[in-house]
Amino acid sequence: MRTRVLGRPAVGICGPEAARFFYTPGHLDRSSALPGLVVRTLFGRGAVHTLDGSAHRHRKTLFTALLLDGDGAARLAELAGREFDVAAARWRGGPPVRLLDESARMIAAAVARWVGVPEDDREIDALARDCLAMVDGFATVGPRTARALLARETQERRLSKIIASVRSQPVTKSPLSIVAHHRDDGELLDPRTAAVELLNIVRPAIAVAWFVAFAGHAMDMWPRHQSRLRAGDDEYTKAFAHEVRRFYPFVPFLGGQATRDLFFQGEPIPAGTLVLLDVYGQNHDPELWPDPYTFDPRRFLGRESGEFDLIPQGGGDPRTGHRCPGEQVTVALLGTLARRLAELDHYLPPQETAIDLSRIPARPRDRITLIVPEHRPVSSFQRGEPGFDSHPDSPHLSASRSPVSDGS
C-alpha cells in the first residue's frame, strides 16, 4: 500500500516476508526514519535506537548482556511479583485502583531495585509516573507530548547525576554500574547518554503495565482464562502472555527509510521511501493466526514463535538486529503479574473498557479500574459478580462489549 506520511512518500508492507525484508541488514535506515519527537520523548537523544550498522551492534551488546544473558528477566519478574503482593494487600477493602498505574508503580519499584538506583518511595512514584508519560506522549502533539518531554528531562537529569557518582566507584555486576562504565570505541558514554540508555532498560519494563492492563481486560471479557491462570500452569501462563501481546494493540507499525532502490514482492521502493511494517495487521493475519480476533492463548501451546511471525516488539534476532532485547523481560513480567492478578479476588466496577484504536499507544479508556473486596465473595464465579460474568449482557460491559473500538 502506497501513501504519504507528513508529506513523505511511504509504502506499507505486512506479513512474515515483509518483516524479513524490513529487518534485512542494509535495506532500511531506522535512525533517519524516527521522527524527532519520538526520539525526544520515547528513546532519548543518542539512544541505541538512533544508531545503525556497527555502532548499533556494539551499543546493543550492552542490552543483550543485561537482558538476555543470565537470570535477569526471572529475577526482575520475581521482584515485581513481590511488589504485587504488597500492593494487593493494600488494595484489599480499599477504594478502586487503576491497574495500569498501579502496575507501573510496582514494576518501577522492582526495576529500580534490580538496576541498582535509589528506592525512595517518592522517587519510585516519580519514576513510574514519568516513564508512563514518556510512553503515553511519544506519538501525539499537545499536552501529552509536553508531559513526556518534561518527564524525560527530569529523569535524564536525575540519572545523569547518579551515573556520575557511580563512576567514582569500582565496577560491580549491577546494571547501573555496567551502564555507567560502558565504553563506545574506548570512550565512556557521556553521563547524559548513559542516563538515556539506563532509561531504555527501565522505561520499557515499566511500559509492561500497558500489557498488564490488557491482561486484566482479557480476564474480565473471557473469565475462563482467569481460572486457567489460577491453576499455576507455567506453559499456559507463557501462552497467555504471548496472546496478550499478539491480540491487543499498542504500536500499530514500525518505520524505516529505504537506503537504496529496493524491490519487495516485485514492487519498487525507491531510495528514501518511508517503509512502514504493519505490526497490528501482521499480528491479526488469518493466515498466521486462525480466527485472529478471538483471544485464545492455546494457539501458543506447544508452539515456538519464529523470528518474523509474532512481532509486537520487532522481528529478527534480538542480539544482532533491531528486535527489542527486552522481550524476554516483557514475557516474564507479564506472565508473573497476570498470574498474580488471576489469583487475586477482584472485580471491575462499571467503567468504559473499550479500546480506541485511533489512540497511540492504545489503552482501555478507564485504565482498568479494580475493586478488591476485603473478604472473598461467596461463589463469585457461580454468581456472576462483576468482573467474572461471562454472559454477553453483563451490565458493566454492555456498552462496550467488543474488546476494541475504532474510535468512531
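This report covers two buried residues and one pocket in a predicted model.

**Val279 and Asn283**

Val279 sits in helix α12, which spans residues 279-282. Asn283 lies in the loop between α12 and α13. Val279 has a relative accessible area of 4%, so it counts as buried, the limit being under 20%. Asn283 is buried too, at 2% relative accessibility.

| Residue | Location | Relative accessible area |
|---|---|---|
| Val279 | helix α12 | 4% |
| Asn283 | loop between α12 and α13 | 2% |

Contacts come next, with neighbours up to four places away in sequence left out. Val279 is in contact with Val251, Pro252, Phe253, Leu254, Ile311 and Pro312. Asn283 touches Arg245, Arg246, Trp289, Asp309, Leu310, Ile311 and Pro312. Ile311 and Pro312 thus appear in both lists. Thr41 is 238 residues from Val279 in sequence. In space, the C-alpha atoms of Val279 and Thr41 are 21 Å apart.

**The second largest pocket**

The second largest pocket holds about 500 Å³ of space. Its lining counts 23 residues. Lys238, His242, Glu304, Ser305 and Glu327 lie nearest the centre.

Which helices each supply at least two residues of this lining? They are α11 (234-247) and α13 (327-343). The most comes from α11, with 5 residues.

By class, the lining of this pocket has 9 charged, 8 nonpolar and 6 polar residues.

How values were computed. Residues are numbered from 1 along each chain as its sequence is written. This is a predicted model: local features need pLDDT of at least 70, side-chain atom pairs count only at pLDDT 80 or more; totals for chains, interfaces and linings use all residues. Side-chain values use heavy atoms; hydrogens and water are left out. Buried means under 20% relative accessible area, exposed over 50%, partly exposed in between (1.4 Å probe, protein chains only). Contact means heavy atoms within 4.5 Å. On a 1 Å grid over the protein atoms alone, a cavity is a set of points where a 1.4 Å probe fits but cannot get out, and a pocket is an open set with protein on both sides within 12 Å along at least five of seven lines; lining residues have an atom within 4 Å of a point. Grid points are joined across faces, edges and corners, and a volume is the space filled by probe spheres set on the points. Ala, Val, Leu, Ile, Met, Phe, Trp, Tyr, Cys and Pro count as nonpolar, Asp, Glu, Lys and Arg as charged, and the others, Gly among them, as polar.
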